[in-house]
Amino acid sequence: MKRKIYNSVLLRKGAIMLFALVFFSVCARAQWQIYNASVLPGDNNPVFITSGLAGAGMVTSLVADPLIPQNGLLELLTVAIADNGTWRRSFTDPTPNLTVAMRVRSANDNALRVLELDLDNGGFRERLYINQADNKLRLQHSTAFGATNEFNLPNNGSVKDWHIYRITKDGSGNVRLYIDENPAPLASGQTTTTSTNNYFRFGDTNGSHNISALIDWIIWDQSGVYAPGQGTPIPANLLINVPANWRMYDGSLLPGAQTPTFTTSNVAGNGGTNNIMTEPGVPTNKLLEVITIANADNFMWSTPLQTATTGVTILMRVKAANDVARRVLELDLNHNGIRERLYINRENNRIRLNEGIPGGDAGEIPAPVGVNLSDWNIYRLTKSGAITRIYLNETDTPIGQGTSTTTTTQQYFRIGDGNSSHNIAALIDWIIWDETGAYAPGQGSLVPSPVITPSWDATLSNLRAGGTPVANFNPDVTSYEVILPAGTTTPTVVIPTTSNQGATAKITQATTVPGTATVVVTAFNGFTTRTYTVAFIANPTGNITPDAHGFKIYPNPANTLINVQTLGEGTNGYIEILGMTGQLLFKKQMESQSETIDISKFARGMYLLKYTSEQHRTSRLLMKY
């Protein structure tokens, strides 16, 4: 739920770090130590000292974030190639295992390198070079990357842009590098370069390159080597430093009394009623209630848009205020010469793009299975040129789109009731809009934290197959199977619901039976993920019926050995392991009620384990990691 901090979407890091440090001091799991660029490293607590100075040394400055003036950054520059200098954090205790994460970008285009990070601990040394001249990353001492040890950022990324670099090194010299908190390492290596030092440092220690870096923050954990999603999460306040492209209406005041301001528009008949009310069950949250009684009553709130943008994105969290009105709400978007209107129709649970092609009645879009438009939903409307797309509840696939041919000379969007054929009743929690482009979920600026509190929750709260809840669903269980009638060749559609409203779900539907659908949930923080699988299996024919209680497998997932135990039967059955395309990989007669099977030679992935006896034919999904 949104926090009531709206005039300052991004809190200054220095102010909230005090709270974070106090909180961490009493939290048993909190291992991070923090440098947040609110002071020079030498004034930080814990303190850094200068190291490796040569030539003219390194220029160290505190500067304002050009995109977020409230946010401080550390700028590091070495002008000539022979100029060296670093900031070093020494450890008083032995530190065999170390995790360091930092958010960094280039300060200018003149230097050959952005930054160097040097880890000397646990008897081994590794250095990460972020090279601007060739847009490469380099692990200087690891042996896994050939002569140069250089590699590219994922997705053709640029080292000039902001990235989160996480590097881990253990007491055996194993090194892993993660980018932007993707839990899969970009690089894994082994350093054989020994060291008697016990510190890490950042800056420029190399006489062949100069550097130019902006550092938002650096955090480190001496308690172990932690991949993204392991150990203590990165403090949420460090992850809100993104460009503030969103403008916001938050429901705490009438739209005409809040900045940016709205004006009344298209008032007819008896107009509408507008009230600020408290959300039931959430006494700290305010909502805007907008109601028109008769069909001929019209009322809208309008706010202007800029004229120089090529795309616009609008998000709003809305539900029906009652079960009487035919429509929940209308959104009317006039932008760059093209008009589109979104109708949320309560009476038939459909969404309509009125101007789009297809438009009118033919353009009505049924709500996805299990979604009630009378309930709270997040609507994302994007418009680029004449093309408008609708996303529901931040799922990355649009539920519909249209191409409008309706022209306009206006430049605004407005909400309410502008149509004399329907009345409305809406509760509006918030509306945010970004005029820099048309962004699908996961693109553009993060949804601001006052709207949706940042979360590492990448679970589902519900999972349906063909509109029916998946049996025995548990948010912490990620593998399921759905048994379809005998002879079925086409699987049903999987429909997920995320536990956190800021999370997104990317769905890959199964295409055949047997086959597997996957749902990758990305948390609101943008990088924590969890993958759910649903395997579709045709019901065996004959007199043998599926029995969900015929046997059990443990552990599952597994890496080397699994135990298969029959429940209350003799030893008259046999076990089969099949690949997900149906090929038989293993078969064994049960010699006792409990059998141990070695799966160490199986490739990582999903398998179907079947148990067949005179009484039962049962299957389970098996995951090998």
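**Exercise 1. Determine in which order the 3 strands of the open sheet that contains β31 are arranged, and which of them are edge strands.**

Solution. In this predicted model, the 3 strands of the open sheet follow the order β32-β31-β34, with antiparallel pairing; strands are DSSP runs (E, at least two residues), numbered from the N terminus, and two of them pair if DSSP finds at least two bridges between them. The edge strands are β32 (468–469) and β34 (494–498), each of which pairs on one side only. Between β31 (residues 460–465) and β34 there are 5 bridges, and Asn462 stands opposite Thr497 in β34.

Residues are numbered from 1 along each chain as its sequence is written. Local features of the model need pLDDT of at least 70, side-chain atom pairs count only at pLDDT 80 or more, totals for chains, interfaces and linings use all residues, and side-chain values use heavy atoms, with hydrogens and water left out.

**Exercise 2. Work out why strand β21 is largely enclosed, and which strands it pairs with.**

Solution. Of the 10 residues of β21 (residues 311–320), 9 are buried (under 20% relative accessible area, 1.4 Å probe, protein chains only), so the strand is largely enclosed by the rest of the structure. β21 pairs in the antiparallel sense with β26 (residues 377–384) over 8 bridges, where Thr313 stands opposite Thr382. It also pairs in the antiparallel sense with β30 (residues 425–434) over 8 bridges, where Lys319 stands opposite Leu427.

**Exercise 3. Find how many bridges join β40 to β43, and which residue of β43 is the partner of Glu576.**

Solution. The antiparallel strands β40 (residues 574–579) and β43 (residues 605–612) are joined by 6 bridges, and the bridge partner of Glu576 is Lys610.

Note on methods: Buried means under 20% relative accessible area, exposed over 50%, partly exposed in between (1.4 Å probe, protein chains only). Helices (H or I, at least four residues) and strands (E, at least two) are DSSP runs, numbered from the N terminus.
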